[in-house]
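Reader: Hi! Could you walk me through this one? I'd like to start with the ligand and then look at the packing.
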Amino acid sequence: AEQAVTAEQVVTAMERAFGVHPGERRNHIKGTCAAGEFVGLPSARDYTRSPLFSSKPLPVVARFSLPGGNPKIPDTARTPRGLALQIRLPDGSLQHMTMLNTPVFGAATPQTFLNAIVAKQPDPATGKPDPDKIKRFRANHPDSLPQTDFLASHNPPVSWSNSSYFGIHAFKFINDAHQSTLVRWRFVPQDGEKRLSDDEIDRLPPDFLEQKLIERVRLGPVRWDMILTIGQPGDPEDNPTLSWPEDRETLKIGTLTITSATPQKGAACEKINFDPLVMTDGIAPANDPILLFRSSAYAISSGKRLGGD
Ligand code: HEM
């Protein structure tokens with residue numbers, strides 16, 4: 001029988017694939033810090049008793065990021081984009097939301113995630129990933145295909161402010177009456193969704209996202225609507241590679257406002273471990289092996305980098 005994959009193994013595979021950059025994240029190494037506030041709406045209260053949804057502005061530390069352990073990954077890369085939020089409640093408790101700009105993830109199990117890192121690792125002979133290895137990986141891991149298909153048909157965003165970000169996993173919202181509802185959430189940009197053209201992907205410089213966000217916040221606050229999707233009995237809760245049917249009820253339950261942005265070095269987001277299992281009362285993880293696995297991998301990566309490794 002196959003041994004269960006450990007978080008240690010996955011972080012080690014990332015270090016082998018990308019090298020070690022002391023003090024830096026093993027994944028999502030390239031990023032930009034930002035700050036602002038979150039206002040949660042009482043419309044969420046039918047589903048959750050979380051103190052997030054009080055209509056009161058709550059301070060947010062955010063980090064926009066590109067995946068992988070290469071600090072020089074170009075901003076045009078045909079990969080997902082990340083947004084991590086740390087929202088602080090008046091009593092000091094925290095809510096994390098650590099999201100991607102794809103509605104689904106590329107692995108239903110830690111084994112697929114590990115095999116993807118190994119398959120996409122640059123070949124020492126050519127400096128590029130081996131297309132045959134990637135082909136074999138895809139054939140052996142059909143759970144990787146929904147995200148691959150999404151990325152093939154959706155170019156990366158023109159800016160951090162022109163992208164949606166998805167919580168991807170199913171979560172449980174628990175209300176005052178102790179009723180539990182399966183939900184998913186996403187943040188939809190009030191600036192509108194805008195993607196790079198193929199031509200822009202070919203000719204833009206490797207670094208433009210950070211500067212563009214700094215310039216955008218100088219013009220005024222950047223906002224996203226937090227949209228909740230209500231699951232129905234039978235909707236998958238244990239598989240972040242699967243979408244739910246399009247006709248599920250949705251409602252707006254909050255607004256994220258970003259008012260400042262800075263390079264990550266020395267800024268507030270740099271040292272945070274955006275562990276996705278940090279959540280307020282009234283929000284709980286569903287039975288998703290990827291979500292549960294993430295917490296231990298983030299602990300290893302952040303433990304190393306905060307210790308100077
Ligand atoms: C098996 C699955 C996954 C593993 C092993 C994994 C691993 C990691 C690791 C090690 C980090 C760096 C942590 C740190 O040093 O602070 C990271 C960062 C990140 N991951 Fe994941 N991840 C997984 C799945 C996901 C999923 C499903 C999402 C989105 C729903 C996601 C979004 C992010 C984002 C946005 C960051 C950057 C956080 C920041 O700005 O600090 N990851 N991941």
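Author: Happy to! One term before we begin: a polar contact here is a pair of N or O atoms within 3.5 Å. Keep in mind too that this is a predicted model. With that in hand, Arg63 has a polar side-chain atom 2.7 Å from an oxygen atom of the ligand.

Reader: Nice. What does the side chain of Arg25 do with the ligand?
Author: An N or O atom in the side chain of Arg25 sits 2.6 Å from an oxygen atom of the ligand. Tyr298 pairs with a nitrogen atom instead: a polar atom of the Tyr298 side chain is 2.6 Å from that ligand nitrogen.

Reader: Which elements give two or more residues to the shell around the ligand?
Author: Those are β2 (58-66), β3 (82-88), β4 (94-100) and α7 (289-306). The largest share is that of α7, with eight residues.

Reader: And how many residues surround the ligand altogether?
Author: There are 26, and the closest are Arg25, Arg63, Tyr298, Ser301 and Arg305. By type, the shell has 13 nonpolar, nine polar and four charged residues.

Reader: Okay, switching to packing. Which residues have the most contacts inside the largest nonpolar core?
Author: Trp185 and Phe187, in a core of 47 residues. Beyond its neighbours within four places in sequence, Trp185 is in contact with residues including Met97, Met99, Phe166, Phe171, Met226, Leu228 and Ile283.

Reader: What else is there apart from that core?
Author: Another core, of 12 residues, lies apart from it. Among its members are Ala13, Ala17, Ile117 and Ile300.

Definitions and conventions. Residues numbered from 1 in each chain as written. Predicted model: local features only at pLDDT ≥ 70, side-chain atom pairs only at ≥ 80, totals over all residues. Heavy atoms only, no water. Core = buried A, V, L, I, M, F, W, Y, C linked by side-chain atoms within 4.5 Å. Buried < 20%, exposed > 50% of the residue type's maximum accessible area, 1.4 Å probe, protein only. Contact = heavy atoms within 4.5 Å. Near = heavy atom within 4 Å. Polar contact = N/O pair within 3.5 Å; in protein donor to acceptor, adjacent residues only side chain to side chain. Helix = DSSP H or I, 4+ residues; strand = E, 2+ residues; numbered from the N terminus. Nonpolar A, V, L, I, M, F, W, Y, C, P; charged D, E, K, R; others polar.
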